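Let us read this model together, feature by feature. Keep the sequence and the 3D view open.

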Amino acid sequence: MTTVRMRDLRKRFGATTALDGLDLDIGVGVTGLLGPNGAGKTTLLRCLATALAPDHGRIEAYGLDPADSRQRTALRRRLGYLPQSPGLYPNFSAAALLDYVAVLKEIVDPAVRRAEVRRVLEEVGLSDRANVKVRKLSGGMRQRLGVAQALLGGPDLIVLDEPTVGLDPEQRMLFRALISRLGETRTVLLSTHQTEDVGALCERVVVIRGGRAVFAGAPRALAQLADGQVWRSAGRPGGGAVYWRTAEGDYRTLGEQPPDGVAVPPSIEDGYLKLLGPAPAGTTR
Ligand SMILES: Nc1ncnc2c1ncn2[C@@H]1O[C@H](COP(=O)(O)OP(=O)(O)OP(=O)(O)O)[C@@H](O)[C@H]1O
């Protein structure tokens with residue numbers, strides 16, 4: 001079921017075009033947003049999170065139009081948002097910060113608020129840091145606190161701008177479990193530069209380039225764009241390909257078949273690189 005529709009979204013900042021006629025439909029589940037630096041991901045998420053108004057186009061989320069002030073307020077009540085730089089108050093404790101955000105989210109009953117703060121701290125694995133000041137938390141913990149504040153009040157629409165930045169492998173796993181659980185009943189849209197996150201937890205992936213959605217589909221379909229173009233070979237490939245030396249000492253190539261190349265299944269990253277066009281020939285990564 002489609003819960004969010006965006007049509008012909010345009011946004012400029014002076015001479016820079018951040019969104020250039022973007023169309024997108026998303027539904028319940030986890031959708032991942034991939035794209036190069038400056039592609040427009042943050043701008044898109046800010047528009048959906050009602051933090052920024054597009055210059056042109058229409059957004060409808062859960063039947064609500066954020067261009068209308070009343071509907072915008074109604075949408076905010078159903079929204080959880082982790083901005084790219086959440087700017088958490090450094091001198092608040094984790095629990096006090098969440099309590100403060102819960103007040104802003106109109107959770108007025110103190111007992112309900114306390115229970116909700118406890119719940120989200122537990123969700124992100126920060127219960128034992130409830131009374132620690134934000135400035136004393138590690139970067140990954142702050143990131144988890146940012147996710148926790150987005151979950152206050154049990155929003156239907158969860159918008160997360162690069163939520164996995166700074167997480168260690170164990171936290172990344174816990175985070176995936178949390179997000180995939182949320183995606184069972186809610187609409188989750190997250191941006192990331194981690195193709196592994198997309199493969200592990202997103203039902204759909206959208207690739208943005210130059211302010212437009214250039215791909216929307218299953219992660220597997222993105223990977224398939226590089227079908228028959230990924231190779232392993234003992235010998236170093238020639239030009240016309242992106243390749244690197246693997247830990248096993250052979251070469252993995254995206255592009256032209258090396259003389260002794262054997263086809264291997266493409267990854268999401270391969271499909272993404274293929275979609276975004278040729279990397280410089282003969283480059284290694
Ligand atoms: N407030 C702003 N003022 C001026 N230019 C902006 C502003 N916000 C975004 N831009 C520009 O709009 C374009 C899209 O930026 P955006 O942050 O949406 O990209 P992104 O895909 O999130 O990039 P990244 O992966 O680097 O976070 C960029 O060229 C950026 O410099």
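Q: How many residues of each class make up the shell around the ligand?
A: The shell has three nonpolar, seven polar and one charged residues. Ala, Val, Leu, Ile, Met, Phe, Trp, Tyr, Cys and Pro count as nonpolar, Asp, Glu, Lys and Arg as charged, and the others, Gly among them, as polar. This is a predicted model: local features need pLDDT of at least 70, side-chain atom pairs count only at pLDDT 80 or more, and totals for chains, interfaces and linings use all residues. Residues are numbered from 1 along each chain as its sequence is written.

Q: Which residues surround the ligand?
A: Among them are Phe13, Lys41 and Thr42 (near means a C-beta atom, placed from the backbone, within 6 Å). Strand 2 (16-27) and helix 1 (41-48) each give two or more residues. Helix 1 gives the most, with three. Helices (H or I, at least four residues) and strands (E, at least two) are DSSP runs, numbered from the N terminus.

Q: In what order do the strands of the open sheet lie?
A: Strands of a sheet pair through backbone hydrogen bonds, either parallel or antiparallel. Here three strands run in the order 2-1-4, with antiparallel pairing (a pair needs at least two DSSP bridges). Strand 2 and strand 4 (56-61) are at the edges with a single partner strand each, so one side of each has no neighbour in the sheet.

Q: Over how many bridges do strand 1 and strand 2 pair?
A: Strand 1 (residues 2-13) and strand 2 pair over nine bridges. Met6 has Leu24 in strand 2 as its bridge partner.
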